[in-house]
Amino acid sequence: MTTSPSPSQLYRDGLFEDRVAVVTGGATGIGLAIAEEFVRLGAKVVIASRKMHRLIPAAKGLSRDYDAEVEPFRCNIRERSDCDALMAFAVERFGKVDFLVNNGGGQFLSPAENINEKGWKAVIDTNLNGTWNMCKAAGEAWMYKNGGRIVNIVADMWRGFPGMAHTGASRAGVVNLTMTLAVEWAKYGIQINCVAPGTILSTGAHNYPPGTLESMYVANPLKTMGTCEQVAWGVCFLCSPAGDFMTGATINMDGGASVWNGRWPVPDPGGPPDIPVPPWPEDRWPEFAVDPEEVDG
Ligand code: ADE
């Protein structure tokens, strides 16, 4: 499957001209949609994750389709030295970093009693410590001196997160960290906010049996699912002049799931929404596909 370049359906052309963004988890799903919206609006972008075989086709595909500057960079956000290397690369390559989007993260479905120490620590290390590492790296490499905007992608964990205790705890930690840094780092001209997506039809749907994620549309009062592009719009809103007076906030993009306890019945429209699941980058841009063994080791 291939897709063609398209203008932003929401923002004006050139909104982010001469801006530089770093997006972690930027090769697939929500992160790729965020990178793509930045690129559509004229920004230069570094996309980062642990998987070069996903980053390479995504960076080459976006660069070619939009005649843009998009660079891939391998980074494990659990390692502070990797985060420092990513930020140093972005500053060296593009001269600055205006926006950091902490989208890289991971979790797995499990009842709490079955999450072992290794699994718990891995999720906390990625989602919470990884975000912390990236914020500190961005501050030290650029933003303490020059300001900037940080957007942390969290989750709808406001009433706990049954089935994913680790991700609920780590994302709640990120929301609280965001509030603290918003106050402490205001003096540096750093604004930091969160976007909390509910159920989004993302590339991650490929990891579940077909239809599993789609069936979750009933869990919010709008009775639909979100798209990666909508989350990207939320991020770009916070980075745009619309976000000039915002810091320490979280935008919920969840179809109202976080405010609905289910006791007030909302009629079911009669089926899941017709939202396409985005392809993996190597399927979207097969001409740039690379051998995972060779690039990821
Ligand atoms: N996405 C998921 N896990 C990640 C990690 N450890 N580093 C960077 N991006 C990620």
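Start with the pocket: in this predicted model, the ligand is surrounded by Ser-49, Arg-50, Cys-75, Asn-76, Ile-77, Gly-104, Gly-105 and Thr-126. Sort that shell by class and you get 2 nonpolar, 5 polar and 1 charged residues.

So which atoms of Cys-75, Asn-76 and Ile-77 face a nitrogen atom of the ligand? Cys-75 brings a polar backbone atom, 3.4 Å from a ligand nitrogen. With Asn-76 the partner is an N or O atom of the side chain, and the distance to a nitrogen atom of the ligand is 2.8 Å. Ile-77 goes back to the backbone, with an N or O atom there sitting 2.9 Å from a ligand nitrogen. As for cover, the ligand on its own would expose 260 Å², and the protein buries 89% of that.

Now for the helices. Here are three pairs, with their angles and axis distances:

| Helix pair | Angle between axes | Axis distance |
|---|---|---|
| α1 (residues 29–40) and α2 (residues 52–66) | about 25 degrees | 11 Å apart |
| α1 and α6 (residues 228–239) | roughly 55 degrees | within 8 Å |
| α3 (residues 80–94) and α4 (residues 117–146) | roughly 40 degrees | within 9 Å |

Helix α1 turns up in two of these rows, so let's take its partners in turn. How are α1 and α2 oriented to each other? Their axes make an angle of about 25 degrees, and angles under 35 degrees count as roughly parallel, so α1 and α2 are roughly parallel to each other. The crossing of these two helices is right-handed.

Against α6, helix α1 sits at a different kind of angle: the axes cross at roughly 55 degrees, and α1 and α6 are therefore oblique to each other. Which hand does that crossing have? Helix α1 passes α6 in a right-handed crossing.

That leaves α3 and α4. Their axes cross at roughly 40 degrees and come within 9 Å, which makes α3 oblique to α4. The crossing of α3 and α4 is right-handed.

To pull the two parts together: the ligand has nitrogen contacts to the backbone of Cys-75, the side chain of Asn-76 and the backbone of Ile-77, while helix α1 packs with α2 at about 25 degrees and crosses α6 at roughly 55 degrees.

Definitions and conventions. Residues are numbered from 1 along each chain as its sequence is written. This is a predicted model: local features need pLDDT of at least 70, side-chain atom pairs count only at pLDDT 80 or more; totals for chains, interfaces and linings use all residues. Side-chain values use heavy atoms; hydrogens and water are left out. A residue is near a molecule or strand if one of its heavy atoms lies within 4 Å of it. A polar contact is a pair of N or O atoms within 3.5 Å; within protein, one must be able to donate a hydrogen and the other to accept it, and residues adjacent in sequence count only if both atoms are side-chain atoms. Accessible areas come from the Shrake-Rupley method with a 1.4 Å probe; for residues, only the protein chains shown count as cover. Ala, Val, Leu, Ile, Met, Phe, Trp, Tyr, Cys and Pro count as nonpolar, Asp, Glu, Lys and Arg as charged, and the others, Gly among them, as polar. Axes are lines fitted to C-alpha atoms, for helices over the stretch in contact, and angles run from 0 to 180 degrees between N-to-C directions. Helices (H or I, at least four residues) and strands (E, at least two) are DSSP runs, numbered from the N terminus. Angles under 35 degrees count as roughly parallel, over 145 as roughly antiparallel, 65 to 115 as roughly perpendicular and the rest as oblique. A crossing is left-handed if the near helix is turned anticlockwise from the far one by less than a right angle, and right-handed if clockwise.
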